[in-house]
Amino acid sequence: MPKILFRNALSLLTLFCLMRIDIITVLPEMLESPLNCSILKRAQDKGLVEICVHNLRDFTTNKHRKVDDYPFGGEAGMVMQIQPVDACISMLREQRHYDEVIFVTPDGETFNQKTANSLSLAENIIILCGHYKGIDYRIREHLVTREISIGDYVLTGGELPAAIIADSIVRLIPGAIGDEQSALSDSFQDNLLAPPVYTRPAEYKGWKVPEILLSGHQAKIDEWKHEQALERTRRLRPDLLGDE
Ligand code: ADE
């Protein structure tokens, strides 16, 4: 496609595809670098996505900017308070409709490619990062619409999970990565692991690239890639094929 036409197509896409992700956190500095490098940075520069990080402390009515307090019932640890979270989410909701208000938590539904695919179609989402012992449960009952875990382990806070979710969503937005085909051939897109990839040189220390990839015979190459994807999935993640 001529470059100028392609650019126009991309800016048209931008008009329709603009997504907004708002992340609420007590540690905005923790998100700075993951959100401002590589594909996430390029997608924002191209106007495909707007990612706004909000410091929860800016929304507290506490004069010491405290956002946590002791739990009722005498457990150890501090609990994130409802007031600043409600103030931040209400401010955002006054400005636009949100498809989801996601709380990242180890006891949420486990994040996977299917969830990333469906969230990449959303227009506006909020991701709320927890900290301390947890958040006042009323936030989960009344303000949050979805709870997501990135795996069965406990992290110090929700910032890394939020960055991971944002990354996996944004790379799926049309135009975010140069060759859209490569997002579709990611591992997990068809419940299959990706086939192996190689680059030059074709031989290094006697270690050779599979002959078929150098053959120029595209149909055979595609068939080989599919077989490799199947073989790797069967060997490494049989659960994805449902034949564990
Ligand atoms: N916060 C702490 N651990 C987490 C996890 N595994 N997933 C999502 N949020 C978290």
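**Entry 1: the whole chain**

I began by counting elements: the protein chain has nine helices and 10 strands. I note here that the model I am reading is a predicted one. Next I looked at the extent of the chain, and its C-alpha atoms fill a box of roughly 70 × 50 × 35 Å along the principal axes. I also looked up burial for the chain, where buried residues account for 39% of the 244 residues.

**Entry 2: around the ligand**

Which residues surround the ligand? I listed Val-104, Thr-105, Pro-106, Ile-148, Ser-149, Ile-150, Gly-151, Tyr-153, Val-154, Leu-155, Gly-157 and Pro-161. I then sorted this shell by character and got eight nonpolar residues, four polar ones and no charged ones.

I wanted to know where the shell comes from in the fold. Strands β5 (100-110) and β8 (146-149) each give at least two residues to the shell. The largest share belongs to β5, with three residues.

Then I went through the polar contacts. I found a polar backbone atom of Thr-105 at 3.2 Å from a nitrogen atom of the ligand. For Ile-150, a backbone N or O atom is 3.0 Å from a ligand nitrogen. For Tyr-153, a polar backbone atom is 2.7 Å from a nitrogen atom of the ligand.

How much of the ligand does the protein bury? On its own the ligand exposes 260 Å², and the protein buries 96% of that.

**Entry 3: helix α7**

One residue of the ligand shell, Pro-161, is also on my list of buried residues in α7, so I turned to that helix next. Helix α7 runs over residues 159-170, which is 12 residues. From its first C-alpha to its last it reaches 16 Å, close to the 16 Å expected at 1.5 Å a residue.

Is α7 mostly covered or mostly open? It is mostly covered, with nine of its 12 residues buried. I wrote these down as Glu-159, Pro-161, Ala-162, Ala-163, Ile-165, Ala-166, Ser-168, Ile-169 and Val-170.

I took a second look at Ile-169, which lies in this helix. Its relative accessible area is 0%, so I have it as buried.

**Entry 4: helix α9**

I checked the length of α9 (residues 218-236) in the same spirit. At 1.5 Å a residue its 19 residues should span 27 Å, and the end C-alpha atoms are 26 Å apart, which agrees.

The buried residues I found in α9 are Ile-221, Trp-224, Ala-229 and Thr-233. Why do I say that they line one face of the helix? Because, seen down the axis of α9, the buried residues fall within an arc of 165 degrees. As a reminder to myself, an α-helix has 3.6 residues a turn, so residues three or four places apart point the same way.

On the face of α9 turned away from the buried side I noted the exposed residues Ala-219, Arg-234 and Arg-235.

I also took one distance between residues on my two helix lists. Ile-169 and Arg-234 are 65 residues apart along the chain, and their C-alpha atoms are separated by 27 Å.

**Entry 5: Asn-124**

Asn-124 is in strand β6 (residues 124-129). Buried or exposed? Its relative accessibility is 10%, and under 20% means buried, so Asn-124 counts as buried.

What does the side chain of Asn-124 reach? I found the backbone oxygen of His-97 at 2.9 Å from it.

**Entry 6: backbone angles**

I finished with a few backbone angles. The peptide bond from Arg-200 to Pro-201 is cis, and its omega is near 5 degrees. I placed Pro-201 in the loop between α8 (180-184) and β9 (203-204).

Asn-191 is in the loop between α8 and β9 as well. This residue is not a glycine, although its phi is positive at about 60 degrees. With 41% relative accessibility, Asn-191 counts as partly exposed.

Ser-38, too, has a positive phi without being a glycine, with a value near 55 degrees. I found Ser-38 in helix α3 (residues 38-45). At 49% relative accessibility it falls short of the over 50% needed for exposed, so I logged Ser-38 as partly exposed.

Methods: Residues are numbered from 1 along each chain as its sequence is written. This is a predicted model: local features need pLDDT of at least 70, side-chain atom pairs count only at pLDDT 80 or more; totals for chains, interfaces and linings use all residues. Side-chain values use heavy atoms; hydrogens and water are left out. A residue is near a molecule or strand if one of its heavy atoms lies within 4 Å of it. A polar contact is a pair of N or O atoms within 3.5 Å; within protein, one must be able to donate a hydrogen and the other to accept it, and residues adjacent in sequence count only if both atoms are side-chain atoms. Accessible areas come from the Shrake-Rupley method with a 1.4 Å probe; for residues, only the protein chains shown count as cover. Helices (H or I, at least four residues) and strands (E, at least two) are DSSP runs, numbered from the N terminus. Ala, Val, Leu, Ile, Met, Phe, Trp, Tyr, Cys and Pro count as nonpolar, Asp, Glu, Lys and Arg as charged, and the others, Gly among them, as polar. The expected span of a helix is 1.5 Å times one less than its number of residues. Buried means under 20% relative accessible area, exposed over 50%, partly exposed in between (1.4 Å probe, protein chains only). The arc is that of the directions from the helix axis to the C-beta atoms.
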